[in-house]
Amino acid sequence: MKVAVSLFGPLVSPRFGYSPEMILVTIEGGEVVSQERLYTGGLSIPHILNHLSASKVDALICGGIDEFCYRQLVSRGISVVPDVVGDAETALQFFLRGRLRPRTDCRRKGKRFCGGRGSWFDEPNWDAHPGKFIAERKDDHDSGKGNL
Amino acid sequence: MKEDEQYHFFNVILDSVADGVFTINEKGEITFFNRAAEQITGFTKEEALGHNCFDIFRANICQTNCALKQTVNTGKEIINLPINIINKDGKEIPISISTAVLRDENGKMIGGVETFRDLSTIEELKKELRQQYTFQDIVSKNHTIQEIFQILPDIAESNSTVLIQGPSGSGKELFAKAIHNLSLRKDNPFIKVNCGALPDNLLESELFGYIKGAFTDAKKDKPGRFALADGGTIFLDEIGDMSPALQVKLLRVLQDREYEPLGGTSTVKVDVRIVAATNKDLVTLVQSRQFRDDLYYRLNVMKIDLPPLVRRREDISLLVERFVERFNLKTGKNLSGVSHEVMSFFMRYDFPGNVRELENIIEHAFVMCKGDVIELRNLPSELIERSNETLLEEKEVDRPLQRAEAESIRKALEKNRGNRLRTARELGIDRTTLWRKIKRYGIVS
C-alpha cells in the first residue's frame with residue numbers, strides 16, 4: 001500500500017493543499033520498501049488531488065484540511081488521517097504501528113493534540129483503518145515479539 | 001501600578017477588543033492569545049500557548065508566505081491581508097490579518113504580533129448577494145439552469161466531450177468557457193472556432209492547419225486551431241453547419257485524437273477537449289442524413305440543453321440588472337435601471353434573439369437614454385412595432401392551433417354551463433391556466 005504525507009520541512013504540513021512537497025511511501029508487510037518525493041509547490045488543489053489518485057495512494061497523513069479536499073480524497077478511495085501535528089517520520093512510525101489517529105501530536109509521544117472536527121467529518125472506523133491492518137500484519141511477522 | 005496589575009490590566013483590555021490578537025516569540029511559539037482569538041479559532045488560550053502558530057491557525061499562507069515571518073524578517077507591517085484558516089472544528093474561516101514587530105522597552109525585537117478579523121459573515125453576505133444566482137459568468141435563478149450549475153463542475157472535471165444545444169444567443173459560449181475554467185485544463189488555451197462562418201476548405205485549414213506548399217499561397221507551415229488548443233479546450237460553435245467531409249475528419253480526431261494537416265503526410269497527435277455547440281436539432285439533422293450519426297454519438301457524451309429566454313423569464317430582471325451594471329461601467333453613465341413599463345414589456349416580449357438580444361436592447365437604450373432610467377421610448381422603435389403586431393395577432397387568434405384550443409375551451413365551457421372548475425377538470429388543465437387562456441383568447445363565458 002502507498003501512504004502520502006504532506007510535508008513542511010521535517011514536519012507534517014499544517015495545511016493540506018498548500019505544502020510544497022509530499023513524501024510517498026510504499027509499505028509491504030508492515031515495512032517501508034520505497035519512498036519518493038512529490039513536489040507540489042505551485043500546483044492547484046485539483047492537480048494535487050489528481051496526482052494522489054494517479055499515484056494510487058491509499059492513505060494520506062496531513063495536518064489541517066478543509067472539507068472540500070477531505071471529501072474529494074475520500075471519494076477517490078483515499079483514507080485521510082487529518083490534524084496530525086509534529087514530526088513526519090514519527091507520524092509514519094505511528095501509522096505503521098496502527099497508532100495514528102486524527103489529532104495525534106507526534107512531538108508529545110502521540111498524545112492527542114487539542115482539536116476536533118465539525119459535523120461534516122465522518123469519523124471513519126479506525127479499527128478497520130489501513131494503519132491498523134499493517135500493524136496486525138507486522139505483529140504476525142514478529143510472531144509475538146510484543147505489541148508495538 | 002504594580003507590574004502584575006499592569007499585566008492583568010493589559011490582558012483585560014486585549015480581551016475586550018473584537019479583533020483576535022496573538023503574539024509569537026522568536027521561535028514562532030504563541031505567547032499571547034486573546035479572547036476573540038479563542039472565539040475565531042475555537043482553540044482556548046491554554047491550548048494555543050506554547051504551540052507553533054502554524055499548528056493552531058493552519059492558514060493557506062503558513063508554509064509558503066507566512067505574513068508574520070515576513071514582518072519579523074523585514075520589519076515591515078502587513079495590513080489587512082485576506083487569508084483563510086482552518087478552525088478547531090475543521091471549518092475553513094476567511095480572515096483578514098495585520099502584522100507588526102513586537103519590541104521590548106529597549107527596542108529589541110522579541111517576536112511578532114498579529115491581529116485578525118473574522119470575515120465569515122461579510123463573505124457570506126457578499127456571496128449571497130453576488131453569487132446566489134451566479135455561476136462563473138452566468139446569471140440565473142431558473143431551475144433548469146440551476147440544475148446545470150449543479151452538474152457543471154462534474155462535467156468539467158470529467159474531460160469528456162460536451163455537446164451544448166440551445167437557440168442562438170442563449171449563452172452556449174459562456175457555458176463552454178465555464179466548463180473550460182472549471183476543468184484541469186483551465187491554464188491551457190481555450191480556442192473558439194465558428195464552423196458556420198467559414199467556407200469548407202478554409203475551415204479545414206483553419207482547424208487542422210497546413211504544411212508549406214499545400215496550396216499556392218501556403219508559403220510556410222501554419223498550425224491549425226487544434227494544434228493551438230493542444231492541452232486545452234476547443235469550442236466548435238455551429239457544429240451543425242459542418243460539411244459531411246469535414247465531419248469525417250472531426251470524427252477521427254474524436255476517436256483517435258489525431259489528424260493530418262492539409263498537405264501533410266504525417267499524423268499529428270493532439271490532447272484536446274472538445275466542446276461543441278449548435279442551435280440546430282442534431283437528431284433531426286441525423287435523420288435527414290445531413291449530420292453523421294457516428295459523429296453525433298461521439299459528441300453527445302455529455303449534453304447540455306439550454307432553454308430559450310422565454311422559458312426562463314424569471315431571469316430577465318437579473319439579466320437586466322447585470323447588463324445595466326456592465327454598461328454603466330463601460331460607458332461611465334450611472335443609470336439606475338429600467339422603468340416599470342420597460343420591464344413589463346420585456347416580460348411579454350418573446351426574445352427571438354434570447355439573452356444576446358436583451359443585451360443589445362440594453363446597449364441601444366444606453367445610447368438613447370438621457371435620464372436616469374431606461375424608458376420605453378429608449379428601446380429600438382422596430383422592436384416595439386414588431387411586438388405590437390405579435391400582440392395583435394394573439395388577440396385575433398388566427399393561428400390554427402390556438403384557434404382550435406380556443407374552440408375546445410368554448411365548447412367545454414358551454415357543456416359545463418360556464419363552470420370553470422368543471423371545465424378545467426374536463427380539459428385536464430389547471431383552473432388558473434384555464435382562466436389565463438380565457439383572458440388571452442377573449443372568450444366570454
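## Salt bridges and the contact between chains A and B

Between chain B and chain A there are four salt bridges. The structure is a predicted model, and the values in this report are therefore to be read as computed from that model.

**The side of chain B that touches chain A**

The residues of chain B that face chain A divide into eight nonpolar, seven polar and nine charged. In all, 24 residues of chain B are in contact with 30 residues of chain A. The size of an interface is often given as the accessible area lost when the parts come together. For chain B and chain A the buried area is about 2100 Å², and carbon and sulfur atoms give 54% of this area. Of the area that chain B buries against chain A, Arg58(B), Gln63(B) and Leu184(B) supply 30%, which is more than any other three residues.

Nine residue pairs are in polar contact between chain B and chain A, counting pairs in which both residues have a pLDDT of 80 or more. Two elements of chain B, α4 (53–57) and β3 (78–86), each supply at least two residues of the side that touches chain A.

**Pairs of opposite charge**

Side chains of opposite charge can pair when their charged atoms come close. Over all chains, the whole structure holds 26 salt bridges, and the table lists some of them with the distance between nitrogen and oxygen.

| Salt bridge | N to O distance |
|---|---|
| Arg58(B) and Asp83(A) | 3.0 Å |
| Glu157(B) and Arg76(A) | 3.2 Å |
| Arg225(B) and Glu206(B) | 2.9 Å |
| Arg292(B) and Asp294(B) | 2.9 Å |

Where in the two chains do Arg58(B) and Asp83(A), which form a salt bridge, lie? The pair crosses between chains, with Arg58(B) in the loop between α4 and α5 (67–74) of chain B, and Asp83(A) in the loop between β6 (79–81) and α3 (88–96) of chain A. Both Arg58(B) and Asp83(A) are buried. Arg58(B) thus appears twice in this account, as a partner in a salt bridge and as one of the three residues that supply 30% of the area buried by chain B against chain A.

The salt bridge of Arg225(B) with Glu206(B) links distant parts of the chain, joining helix α10 (residues 225–228), which holds Arg225(B), to helix α9 (residues 200–208), which holds Glu206(B), with the two positions 19 residues apart in numbering. Arg225(B) has a relative accessible area of 25% and is partly exposed, whereas Glu206(B) is buried, with a value of 18%. In the salt bridge between Arg292(B) and Asp294(B), Arg292(B) is partly exposed at a relative accessible area of 32%, and Asp294(B) is also partly exposed, at 29%. Chain B further holds a network of salt bridges that links Arg252(B), Glu258(B), Glu260(B) and Lys269(B).

**Cysteines without a disulfide**

How many disulfides does a search of the whole structure find? Over all chains the search finds zero disulfides. For Cys62(A), the closest cysteine sulfur belongs to Cys69(A) and lies 8.9 Å away, so the two are too far apart for a bond, given that a disulfide needs sulfur atoms within 2.5 Å. Seen from Cys69(A), the closest cysteine sulfur is that of Cys62(A). Cys62(A) is buried, with a relative accessible area of 0%, and Cys69(A) counts as buried at 1%.

Methods. Residues numbered from 1 in each chain as written. Chains lettered and ligands numbered in written order. Predicted model: local features only at pLDDT ≥ 70, side-chain atom pairs only at ≥ 80, totals over all residues. Heavy atoms only, no water. Contact = heavy atoms within 4.5 Å. Buried area = accessible area lost by both parts, 1.4 Å probe. Salt bridge = Lys/Arg side-chain N within 4 Å of Asp/Glu carboxyl O. Polar contact = N/O pair within 3.5 Å; in protein donor to acceptor, adjacent residues only side chain to side chain. Helix = DSSP H or I, 4+ residues; strand = E, 2+ residues; numbered from the N terminus. Nonpolar A, V, L, I, M, F, W, Y, C, P; charged D, E, K, R; others polar. Buried < 20%, exposed > 50% of the residue type's maximum accessible area, 1.4 Å probe, protein only.
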